[in-house]
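Okay, everyone, can you all see the screen? I'll put the structure up now and walk you through a few spots in it.

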Amino acid sequence: MPVRTITIYEVNNSYVSSGSTSPILNVVTLTINDDDGVLDANSGADSGTDQTFTTSLGTASGYTFRYNDTSLVGGTSQTIKTFQLVIGGTTRSFIMNDAGDSIPGATTGSSVNLQSYANYTPINYTALPCFVTGTRIHTVSGWRAVEKLRVGDKIPTHDSGVQTVRWVGSATLSYRDLLKAPHMAPIAIPKGALGPDTPNRDLRLSPQHKVLLSGWSVELTAGLEEAFVPAKYLVGKNGILIDQTCAEVTYHHILFDRHEVIVSEGLQTESFLPGDTIRNAMDKETLREILSLFPELSDPKSNRQTQNARPVLKPYEIAALTMVAA
């Protein structure tokens with residue numbers, strides 16, 4: 001069963017009824033449990049078991065998702081969903097990001113002003129994997145679990161110095177999901193598998209998440225000082241294996257202005273790269289949010305977010321590596 005935890009923003013009920021300007025009254029955490037992977041407008045539209053909504057204000061006994069809005073939030077144009085939850089017998093109104101994670105820059109007191117609207121269209125929960133929940137990322141303020149990262153956080157990178165997180169996302173795969181798609185099970189990299197204290201704790205990554213390798217074996221095999229290798233191609237080397245024991249996994253991704261090399265659990269790994277292949281597999285809502293941040297991605301001639309920070313070794317090159325080290 002998909003589980004998503006997102007940030008939503010309470011507004012006046014008058015915003016829903018008339019589209020008038022409203023301040024953000026509260027910043028609220030919302031957890032959604034669903035069985036069909038789609039956030040539907042109401043219980044009548046839900047083809048499966050009713051979605052359940054638990055908020056930091058209390059559990060919702062009813063819900064209605066009403067509009068796709070384009071609104072000025074704190075003076076910045078945002079595409080948002082407008083909806084209402086019944087909490088403690090009272091109908092309360094909320095907005096959330098078009099893709100469901102957060103609205104950049106939105107805070108209590110920010111002004112929300114409707115610009116245009118359309119009927120609500122359902123959100124597909126599908127998102128693309130990256131880091132597993134609990135993975136520690138090196139930030140300017142020390143190690144922080146990936147699920148605690150927020151837009152605006154500062155992270156040291158291998159190539160570009162300290163960079164600002166521009167977007168974060170996540171998706172949960174249940175035990176049933178993993179049974180249907182076993183190729184999506186996380187890859188487990190034991191502590192010290194790729195060098196002394198590298199990683200410095202056991203690390204789990206999504207199968208396609210790329211790890212930076214270096215050393216004489218990479219240079220001899222591919223003529224490169226450093227190269228990326230998707231985690232799934234490291235299985236069977238240095239004790240690295242597929243974690244087939246997990247009953248559920250949540251994957252997280254972090255996006256910067258460009259593809260970057262960052263440190264996770266002491267190992268150099270990639271940030272999120274919305275290249276052509278990945279963009280084609282994205283659900284429309286997630287892609288729309290990323291395009292709102294990086295409109296140049298709509299230009300097929302742009303390589304700003306399609307260019308890997310390092311070359312990626314081919315499977316036959318990885319198989320030929322005599323030694324695997326970061």
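Let's start with Phe83, which counts as buried because its relative accessibility is 0%. This is a predicted model, by the way, so keep that in mind for everything I say. Who does Phe83 pair up with? Phe65: the two rings form a stacked aromatic pair, 4.5 Å centre to centre, with 15° between the planes. That pair links distant parts of the chain, with Phe65 in strand S6 and Phe83 in strand S7 (residues 76-87), 18 residues apart. Phe65 is buried too, with a relative accessible area of 3%.

If those numbers look odd to you, here's the idea: a pair of aromatic rings is described by the distance of the centres and the angle of the planes.

Now, how many aromatic pairs does a search of the whole structure find? The search finds 8. Another one is Phe53 with Tyr63, and that pair is tilted: 4.7 Å centre to centre and 55° between the planes. Again distant parts of the chain are linked, since Phe53 is in strand S5 and Tyr63 is in strand S6 (residues 58-73), 10 residues apart. Both Phe53 and Tyr63 are buried. And if you put the rings together, Phe53, Tyr63, Phe65, Phe83, Phe94 and Tyr120 form one aromatic cluster.

Stay with Tyr63 for a second, and look at what it touches. Asp46 has Tyr63 among its contacts, along with Asp34, Asp35, Asp36, Asp40 and Gln51, leaving out residues up to four places away in sequence. Asp46 sits in the loop between strand S4 (38-39) and strand S5 (52-55). Is Asp46 buried or exposed? It's buried, at a relative accessible area of 8%. A polar atom of the Asp46 side chain lies 3.4 Å from the backbone nitrogen of Gln51. And here's a longer reach along the chain: Asp46 and Pro122 are 76 residues apart, yet their C-alpha atoms are separated by 9.9 Å.

Another loop residue is Ser110, between strand S8 (90-97) and strand S9 (111-119). Ser110 counts as buried, at 10% relative accessibility. Its contacts, again not counting residues up to four places away, are Ser22, Pro23, Ile24, Gly74 and Gly105.

Right, on to charges. Side chains of opposite charge can pair when their charged atoms come close. In this chain the count comes to 9 salt bridges, and I'll show you three.

The first on my list is Arg144 with Asp153, at 2.7 Å, N to O. Arg144 is partly exposed at 26% relative accessibility, while Asp153 is buried at 15%.

Next, Arg310 and Asp159 meet at 2.8 Å, N to O. Why does this pair tie together parts that are 151 residues apart in sequence? Because Arg310 lies in the loop between helix H5 (284-293) and H6, and Asp159 in the loop between strand S14 (154-157) and strand S15 (161-164). Arg310 counts as buried at 13% relative accessibility, whereas Asp159 is partly exposed at 42%.

And then there's Glu265 with Arg201, also a salt bridge, at 2.8 Å, N to O. Glu265 is in the loop between strand S23 (261-264) and strand S24 (267-270) and Arg201 in the loop between strand S17 (187-189) and strand S18 (203-205), so this pair ties together parts 64 residues apart in sequence. Glu265 is buried, at 1% relative accessibility, but Arg201 is partly exposed at 37%. Add Arg136, and you get a network of salt bridges linking Arg136, Arg201 and Glu265.

Let's come out to the surface. Trp216, Leu220 and Met323 make a nonpolar surface patch of about 340 Å². Met323 is in the segment after helix H6 (315-320), and it's partly exposed, with a relative accessible area of 34%. Over in helix H3 (residues 216-222) we have Glu219, partly exposed at 48% relative accessibility. The C-alpha atoms of Glu219 and Leu321 are 9.6 Å apart, with their positions 102 residues apart along the chain.

Last bit, the whole chain. It has 6 helices and 24 strands, and of its 326 residues, 47% count as buried. Of the contacts with a separation of 6 or more, 64% are between residues 24 or more positions apart. The chain exposes about 14400 Å², with carbon and sulfur atoms supplying 50% of that. Okay, that's my tour!

Conventions. Residues numbered from 1 in each chain as written. Predicted model: local features only at pLDDT ≥ 70, side-chain atom pairs only at ≥ 80, totals over all residues. Heavy atoms only, no water. Helix = DSSP H or I, 4+ residues; strand = E, 2+ residues; numbered from the N terminus. Buried < 20%, exposed > 50% of the residue type's maximum accessible area, 1.4 Å probe, protein only. Contact = heavy atoms within 4.5 Å. Areas by Shrake-Rupley, 256 points an atom, 1.4 Å probe, with all protein chains shown as cover. Patch = residues over 30% accessible without salt bridge, like charges linked within 9 Å, V, L, I, M, F, W, Y side chains within 5 Å. Salt bridge = Lys/Arg side-chain N within 4 Å of Asp/Glu carboxyl O. Polar contact = N/O pair within 3.5 Å; in protein donor to acceptor, adjacent residues only side chain to side chain. Phe/Tyr/Trp six-rings, centres within 6.5 Å; stacked < 30°, edge-to-face > 60°.
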